[in-house]
Amino acid sequence: MPSAQIPADRDAVLTLTDVRIHNDAADEELVHGVSLRLRRGGVVGIVGESGSGKSLTCKAVLGVLPEHVEVSGGSIELLGRDVGGLSRQEWTALRGTSISAVFQDPASYLNPSIRVGKQVQEVLRIKQGLSRAAAKQRAIELLEAVHLRDPEYVYEQYVHELSGGMLQRVLIAIAISLEPEVLIADEATTALDTTVQAGILDLLVELKDRIGLSLVVVSHDLAVVAQLCDEVLVMREGHVVEQGPTSAILHTPQHEYTRLLVAEHEQYGLNASATGPRPPVPTAASTAVPVPVLVPEPRSSTMPASTEPVLQVDGLGVHFGRGRGRKQALEGASLVIRPGETVGVIGESGAGKSTLARAVLGLAPVSAGSVQVAGRDITHLSGRERRAFGRDGVVQYVFQDPLRSLDPEHTVAVSVAEPLRIRGGLDRAAIDEAVRRQVRAVRLDESLLDRFPGELSGGQRQRVAIARALISSPRLLILDEPVSALDSANRVAILELLRELRSTVGVAMLFISHDLGSVAGISDRTIVLYRSRIVEAGDTAHIVNAPEHPYTRLLVGSAPTLTSGPTDRVQRERLRAGLFVS
Amino acid sequence: MIRTLLRLTSARVALVLLAIIAVVAVLGPVLAPYDPLKGGAQTLAGPSAKHWLGTDYIGRDVLSRILAGAPLSIVSTLEVAGIALALGTIPGILSVYLGSVFEWLSLRVVDTFIALPFLVFAVAMTALLGNGITQAMIVVGMLLAPVFYRVSRAATMSVARSQYVEAAAIAGASTTWIVRSHVWSKVLPSIAVTLANTLGIGLVVISSLTFLGIGIQPPTPTWGGILASDLGYLAQKPYAPVFPTLLILAAVLACNLLADAIRDAAGETGRALTGAKTARSNRTRRLAASADPSRS
Amino acid sequence: MSAPPSALTAPPAARRGVVAHRIGRAVASTARLLAIFVPVFLLGTFLTYLLGHLSGRSPAYLQLGDAASPQAVAAIEHKWGLDRPFLVQYGDWLGSVLHGDLGTSWYNGLSVAHALGQRAAITLSAAGVALVLGIVFGFLLGALAAHFHTRWPDRAITTFTTVISVLPPFIVGIGLAAVFAVGLQILPAAGYVPIQAGLGPWLSHLILPAIALSFDTAADVARQLRNGLVSAYRGNYVTGAIVRGLGPRRIFFVHVLRNGIAPALAVLGLKFPNLLGGAVIIEAIFGLSGYGVYASQAAVRGDVPAVQGVLVVSVVLVVVFNLLVNIVLNRVTPDADRGV
């Protein structure tokens with residue numbers, strides 16, 4: 001295994017030796033020494049949260065550090081050449097041809113006013129001096145090489161006309177167009193749908209083998225890195241806390257933070273078993289492995305069948321717009337949630353997950369079917385009736401990003417109390433008492449009551465949002481991607497809290513997520529949405545173990561796990577092709 | 001927010017300037033050493049101990065005319081801003097809540113007002129409607145209202161689409177509740193900024209109108225009118241326009257300073273509310289963002 | 001708004017629609033622009049006519065004086081068609097406006113369109129030169145400030161633009177007249193010479209009013225361009241272009257300028273009414289007999305058709321100019337989803 005301590009290595013394409021990055025404006029060191037060695041054809045991974053310094057390290061390698069931020073120590077060697085003293089011209093010549101990169105949020109990395117094809121062509125014309133026609137032809141070949149269906153069509157599009165996954169493929173096409181030795185993928189699959197992410201990762205692996213790229217893969221998700229990399233660096237707050245071969249990091253994590261990352265996947269991810277080909281079986285019961293920081297709550301999903309459902313949705317249809325712009329956002333969706341039950345909803349973005357939740361609350365226009373909450377039909381309430389229903393607080397909602405769902409000018413106490421104050425009929429003292437009780441129930445310190453959302457951590461904020469939702473004693477809690485905006489540690493803690501509340505409060509939950517791991521970790525039953533329809537529904541264990549619909553199979557096969565092999569790639573490829581036809 | 005505002009030097013300077021101007025506006029006619037309408041033998045005299053700012057073409061004391069003209073110029077500016085505020089802000093906030101018909105109509109009216117050549121319209125309408133100061137203020141107030149409409153509408157929309165408003169709506173909150181407890185406090189700073197800016201613009205417009213002799217007829221002293229009469233005698237007394245100009249500029253500058261200070265203070269308060277930690281990361285993000293990597 | 005097709009689902013059939021799609025989009029964006037500008041034109045003319053009507057002015061008093069007998073007034077009002085219902089009058093008037101007939105002045109009985117036609121050269125020359133000055137200096141200053149972002153030239157330019165944007169045009173006008181015409185005596189203080197008399201004399205009469213008018217436009221264009229360029233430089237696509245190995249010059253001209261220019265273009269559309277409006281006061285200062293002077297004289301006399309004529313022409317100019325700006329904007333940044 002490559003290691004920073006070994007001196008000269010003729011195979012190394014990129015070598016970082018104790019790289020330190022310093023912000024001159026604030027006079028603080030941001031990265032405290034990173035060493036790594038990337039061999040030709042090798043893959044090195046960097047894992048860490050945002051602010052851990054992993055992206056800065058990449059920027060340093062690419063020579064695009066922000067103003068006032070610079071490499072203050074150590075050295076970066078690219079293809080045996082120290083990049084420290086390069087002039088601007090030398091950098092310009094080097095970038096694209098020797099090293100290139102792709103990043104998170106691909107849409108923002110392409111010029112919105114120029115057709116994407118022109119941008120692929122631009123690099124070829126400028127850097128390789130190809131003629132217009134030759135560059136266009138080569139560009140289309142490249143778009144084909146990154147498996148974009150119908151490259152001529154893609155060539156003519158603007159950024160806003162393509163999806164995130166397609167744009168990332170375009171960016172990869174540009175990045176490999178000059179056949180660089182090193183490609184840096186900095187959170188390149190973050191915020192993409194699971195299936196799309198798997199596709200991009202598969203593509204990277206394929207390109208590595210086919211054109212001999214060496215990769216640096218950066219992600220906040222240990223599983224993404226583990227899938228691809230020979231060696232992993234774990235970074236936190238500018239320090240490399242652990243570094244070594246992937247298998248060692250996964251099986252014998254030394255640092256507490258690494259253990260947390262691994263535990264998160266074992267707890268709430270789809271951790272593949274070593275034997276079974278695929279997929280694993282992370283039912284609530286089977287994932288209840290005791291881990292120091294986590295106290296999972298094994299629970300039976302058997303419910304008295306006779307109980308009246310908390311939520312009954314029949315043949316729900318939602319569409320937006322009319323005429324030719326009409327878009328069906330949800331079609332014929334039916335589901336039942338019984339008291340105390342947790343139902344997960346999973347699907348790619350745009351599949352109709354949030355539409356389903358919003359239609360239940362009357363926030364989306366229902367065009368067909370019905371919604372019954374606790375036996376009452378609420379499909380077509382008037383504005384007045386809807387408000388009265390809201391004040392009863394039978395259904396409550398928790399949003400994805402607590403920073404946006406809490407009024408920045410309201411203290412925790414004011415925010416949590418709001419549903420009760422809107423309902424009215426309680427005096428100040430009673431409300432205060434209820435707020436304190438609720439805040440304790442979500443494991444928040446009462447001293448935080450006078451704080452503003454901005455003064456809290458992400459996890460604390462989401463607890464406040466949950467407290468606000470629970471204070472009106474709802475029978476159904478709708479959670480729309482409640483942990484997606486949180487980092488690993490908080491994600492685990494909030495899922496933990498939800499499990500706990502489910503048994504103590506007994507509230508039923510509709511848990512929406514794009515992440516199969518968190519859905520599997522908390523739901524009794526799971527519903528799979530695909531292109532506005534429910535394509536599969538059943539016990540979570542069944543969905544995860546024996547998915548039937550091709551999309552579900554692709555989804556389960558795409559979920560990043562700590563161990564997954566190259567055979568999955570072939571299978572995924574087949575499923576993708578199948579879905580395209582279907 | 002007000003406390004944050006008062007800590008800013010620019011805000012203090014602006015407020016001191018505005019306070020002086022307010023004093024002049026209230027006490028101006030009392031302080032005037034001479035009758036602003038009565039001419040004297042000395043015409044177009046330079047500054048002297050007797051006439052600090054000299055005399056005009058029929059020998060009237062310039063200082064007295066400026067002081068006497070202050071109330072009209074300042075008070076009508078305040079009234080113009082008030083009319084614009086009321087005519088713009090209320091429909092601006094309501095346009096978000098009153099349904100699509102009102103929204104469409106009010107937006108088109110605002111587009112139209114913005115498309116009208118401001119001064120031509122103000123001059124024409126004021127003159128046609130009777131050429132009085134009241135008419136002038138109503139017309140100018142109406143023409144300035146679109147700014148308030150747009151600002152308050154934009155601010156309201158960004159809040160109305162926020163998730164915390166949606167959370168309140170899910171809990172059954174009425175529109176009144178939402179506007180009172182979530183929207184109002186967030187719209188206020190932008191309106192305050194606009195108000196301060198509008199005061200400056202209003203003064204310029206009122207001065208322009210009086211310069212043209214629209215709204216108020218000579219010999220009533222106004223700052224614009226004084227400038228107009230100075231213009232005729234530039235050859236004899238080329239520095240004459242300096243004094244009223246300085247006053248107008250000082251007032252406009254004070255308004256602009258105040259507007260900027262309010263904007264800063266609101267931003268500061270916003271950052272304080274979203275947390276010290278966020279503020280710091282915001283600052284580093286800003287620093288990082290301000291970097292232009294192509295020049296590194 | 002339909003969501004972009006996902007990588008999984010993009011049907012090859014989509015290609016067939018590309019051309020139709022592009023044409024459809026062009027039609028749709030034109031229709032959207034018209035849907036905004038036609039109501040503005042109609043409302044603008046309606047407001048203009050309504051206010052004229054509400055003013056209660058009548059040609060009778062203009063011609064007979066205040067002591068006119070009611071019968072005489074009624075006779076004259078009948079002759080001008082003013083005894084008909086308001087909407088009929090408006091419809092009639094709008095109809096002739098669309099044919100280019102702006103009516104007849106109550107004051108001297110001459111054609112308003114003809115009178116305005118004679119003055120068009122003066123006002124449009126002044127506003128046009130001001131527009132050119134505003135664009136040239138605005139773009140120069142804005143680009144310089146953006147280039148030296150956060151360094152001293154940027155701060156100097158920002159301070160300068162802030163100061164000149166505060167200066168009202170009539171004060172600038174008086175100042176310029178005092179310094180260049182009266183003080184230095186290098187330029188004429190007043191009057192207008194048609195361009196047929198030579199470019200030099202024409203420009204020398206126009207340059208001071210045009211400078212006075214252009215300050216506000218130059219300042220706003222400079223500020224918007226600076227901010228537009230600076231924020232375009234912050235765009236990830238610039239980082240992307242750097243990482244692809246493109247040079248700084250290409251990045252500026254191809255990627256930054258195109259995206260950073262939009263706010264400056266948009267502000268030009270908003271500034272045009274100000275240029276026309278500012279002409280009123282600038283013309284008064286520099287003794288130019290253009291639209292502005294015509295409008296204020298007509299307004300003071302109570303010559304309603306003349307005032308309405310000026311306003312309609314201004315509204316049309318503004319609407320046309322804004323349409324042009326929007327068409328350019330749509331071409332420069334095809335992705336933006338914008339209103340007026």
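From the N terminus on, the elements of chain B run α-α-α-α-α-α-α-α-α-α-α, which comes to eleven helices and zero strands; helices (H or I, at least four residues) and strands (E, at least two) are DSSP runs, numbered from the N terminus. The model is a predicted one, in which local features need pLDDT of at least 70 and side-chain atom pairs count only at pLDDT 80 or more, whereas totals for chains, interfaces and linings use all residues. Residues are numbered from 1 along each chain as its sequence is written, chains are lettered from A and ligands numbered from 1 in the order in which they are written, and side-chain values use heavy atoms, with hydrogens and water left out.

Chain B contains 296 residues, of which 52% count as buried; buried denotes under 20% relative accessible area, exposed over 50%, and partly exposed the range in between (1.4 Å probe, protein chains only). Of the contacts in chain B between residues at least 6 apart in sequence, 71% join residues at least 24 apart, a contact being defined by heavy atoms within 4.5 Å. The area exposed by chain B is about 12300 Å², with 69% supplied by carbon and sulfur atoms; accessible areas come from the Shrake-Rupley method with a 1.4 Å probe, and for residues only the protein chains shown count as cover.

In chain C, the secondary structure comes to 13 helices and zero strands. The C-alpha trace of chain C spans about 85 × 65 × 35 Å along its principal axes. Buried residues constitute 49% of the 340 residues in chain C. For contacts in chain C between residues at least 6 apart in sequence, the share joining residues at least 24 apart is 73%. Chain C exposes about 14700 Å², and carbon and sulfur atoms supply 67% of this area.

The interface of chain B and chain C is considered next. The size of an interface is often given as the accessible area lost when the parts come together. Here 46 residues of chain B are in contact with 51 residues of chain C. The buried area between the two chains, B and C, is about 4200 Å², with 82% given by carbon and sulfur atoms; buried area is the accessible area (1.4 Å probe) that two parts lose on being put together, summed over both. Between chain B and chain C there are zero salt bridges, defined as a side-chain nitrogen of Lys or Arg within 4 Å of a carboxyl oxygen of Asp or Glu. Likewise, zero residue pairs are found in polar contact across the interface of chain B and chain C (both at pLDDT 80 or more). A polar contact is a pair of N or O atoms within 3.5 Å; within protein, one must be able to donate a hydrogen and the other to accept it, and residues adjacent in sequence count only if both atoms are side-chain atoms.

On the side of chain B that touches chain C, at least two residues each are supplied by α4 (100–115), α5 (118–128), α8 (175–211), α9 (223–231), α10 (242–273) and α11 (276–290) of chain B. The largest share of this side, nine residues, comes from α5(B). The residues of this side divide into 33 nonpolar, eight polar and five charged; Ala, Val, Leu, Ile, Met, Phe, Trp, Tyr, Cys and Pro count as nonpolar, Asp, Glu, Lys and Arg as charged, and the others, Gly among them, as polar.

In chain A, T526(A) is found in strand β19 (residues 525–530) and counts as buried because its relative accessibility is 1%. The side chain of T526(A) makes a polar contact with the side chain of T540(A) (2.9 Å). Not counting residues up to four places away in sequence, T526(A) touches several residues, among them G344(A), I346(A), V519(A) and I543(A). M166(A) lies in helix α6 (residues 164–176) of chain A and, at 3% relative accessibility, likewise counts as buried.
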